[in-house]
Amino acid sequence: MDQQFRYFVGIDWGTENHCVVLLDREGRAVEQYNVTHSGDGLFSLVERLNRRTLCDAAEVAVGIEVAWGALVETLVESGFAVFSINPKQVDRFRDRFTVAGAKDDGRDALVLAGSLRTDRKSYKRVEVEPPQVIRLRELARFEEELKIELRRVTNRLWQQLHRYYPQLLKLSPGAAEPFIWDLLDAAPTPLQGAQLSLERVEGILKSHRIRRVTAQEVLVVLGAAPLVLAPGAAEAATEHVSFLIPHIRLLDQQLRDATRRIKEILLTLTASDAAEDEAPSDAALMLSIPGIGPAVAATLLTEAARPIRDRDCQALRCYSGTAPITRQSGKRKSIQMRYACNPRLRKALYHWASTSINCDRRSRQRYDALRAAGHQHARALRGLSDRLLQLLISMLKHQSAFAPERRNLTPAA
């Protein structure tokens, strides 16, 4: 049965101040005020709501446009029922209160409280995740940011090498391998590269376990005639590279540390239930599926925590973007790709599907069938992801690990 609330609160979130509007069950405005985004301000908000409503905190519904942060966590931990909504939906609800396009913090808070009272089905109940999931989500997002930043800086390194030291790019086209950075430390200029000793190069290749080229081949590449540049150009580029290398090393080390910590948390999540002789955890079941590694599992467990917990396949399909949308008007009807989704989740599913076609026979058959039907590579992977999500939810519902011998190997139509 749907829970009945006695009061409805709308909070227009801000970086320094939050505007609060309180409505009773009939929609009458009780009060409106601002609170500061500080420990004292949030404490006073909770105290004022308790004092003004004179009821249990669970009977007070709070509507807000964000589903994270200290404000949301304070309200949830204090016992209030917190609901979040997409800002785009709030913009549509605002037209109920004004058709002139007026907008201010107090009006937005009133819109949130009023729409929560009448259209609660448009809101999502906010629940604070366990500490391990919160930490895992932060690490997974930070790992993604580190990958993007590392790629950006290594591209800058490639640009400088292409400017004055293109010989090195024959050894590593992307300039993203650590042995290239060590070679630059040992020989930052083409002249010094031509003078490197065989023993020094052998040591660098051995420390990074590089076998695709020999030390003699590296010396031949480094001994090529250098580019003829304007006076000072090579020195300027060398100085630029000397600043980039420590930055790249730091990002690379931080990325390794973040990846290691993610694996440690996943190991803790998978080992806890096994130690207590309970049913396997969601993390353990996910990691048993071919193609799911630590990065994909961490993204699924954190970005899709609620659909995974509720075993809601349709919600998971919509949230990840694999479920298409239908546009129909009169005699016209079209089915299109869903763009309104979680981009991190969509990216994780793309990598999962890309990997699964190389390590799972059934996934390869499904992918080949979609390609034979005329679909492009990305569309075929999206269709495969849709099927893999159904497999995942089925495994979670039945608490059974992946068993390839139990899958039908006949290609799906």
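This report describes a helix packing, the nonpolar cores and selected salt bridges in a predicted model.

**Helix packing and cores**

Helices α15 (residues 343-359) and α17 (residues 377-398) pack with their axes 9 Å apart, at an angle of about 90°. The two helices are therefore roughly perpendicular. On the α15 side, the contact is made by Leu349, Tyr350, Trp352, Ala353, Ser354, Ser356 and Ile357. Helix α17 contributes His377, Leu381, Leu384, Ser385, Leu388, Leu389 and Leu392. By residue class, this contact holds 10 nonpolar and four polar residues, and no charged ones.

The largest nonpolar core has 39 residues, of which Ile292, Leu300, Trp352 and Leu392 touch the most other members. At least two residues of this core come from each of α5 (131-164), α10 (233-275), α11 (282-287), α12 (294-303), α14 (313-320), α15, α16 (361-372) and α17. Helix α17 gives the largest share, 10 residues. Another core, of 37 residues, lies apart from this one and includes Tyr165, Leu168, Leu184 and Ala215.

Leaving out residues up to four places away in sequence, tryptophan 352 touches Ile289, Pro290, Gly291, Ile292, Val296, Leu300, Leu388, Leu389 and Leu392. Among these partners, Leu388, Leu389 and Leu392 also belong to the α17 side of the helix contact.

**Proline 294**

Proline 294 is part of helix α12. With a relative accessible area of 32%, proline 294 is partly exposed. Its contacts, not counting residues up to four places away in sequence, are Ile262, Lys263, Leu266 and Leu287. Arginine 327 is 33 residues from proline 294 along the chain, and their C-alpha atoms are separated by 37 Å.

**Salt bridges**

The structure holds 22 salt bridges. Three of them are listed here.

| Residue | Partner | Closest N to O distance |
|---|---|---|
| Arginine 28 | Aspartate 24 | 3.1 Å |
| Arginine 260 | Aspartate 257 | 3.9 Å |
| Arginine 311 | Aspartate 282 | 3.0 Å |

Arginine 28 is exposed, at a relative accessible area of 51%, whereas aspartate 24 is buried, at 11%.

Aspartate 257 and arginine 260 are three residues apart in helix α10, about one turn of the helix. Aspartate 257 is partly exposed at 25% relative accessible area, and arginine 260 is partly exposed at 38%.

The pair of arginine 311 and aspartate 282 links distant parts of the chain, 29 residues apart. Arginine 311 sits in the loop between α13 (305-310) and α14, and aspartate 282 in helix α11. Elsewhere, Asp91, Arg92, Arg94 and Asp108 are joined into one network by salt bridges that share partners.

Methods
Residues are numbered from 1 along each chain as its sequence is written. This is a predicted model: local features need pLDDT of at least 70, side-chain atom pairs count only at pLDDT 80 or more; totals for chains, interfaces and linings use all residues. Side-chain values use heavy atoms; hydrogens and water are left out. Axes are lines fitted to C-alpha atoms, for helices over the stretch in contact, and angles run from 0 to 180 degrees between N-to-C directions. Helices (H or I, at least four residues) and strands (E, at least two) are DSSP runs, numbered from the N terminus. Angles under 35 degrees count as roughly parallel, over 145 as roughly antiparallel, 65 to 115 as roughly perpendicular and the rest as oblique. Contact means heavy atoms within 4.5 Å. Ala, Val, Leu, Ile, Met, Phe, Trp, Tyr, Cys and Pro count as nonpolar, Asp, Glu, Lys and Arg as charged, and the others, Gly among them, as polar. A nonpolar core is a set of buried Ala, Val, Leu, Ile, Met, Phe, Trp, Tyr and Cys residues joined through side-chain atoms within 4.5 Å. Buried means under 20% relative accessible area, exposed over 50%, partly exposed in between (1.4 Å probe, protein chains only). A salt bridge is a side-chain nitrogen of Lys or Arg within 4 Å of a carboxyl oxygen of Asp or Glu.
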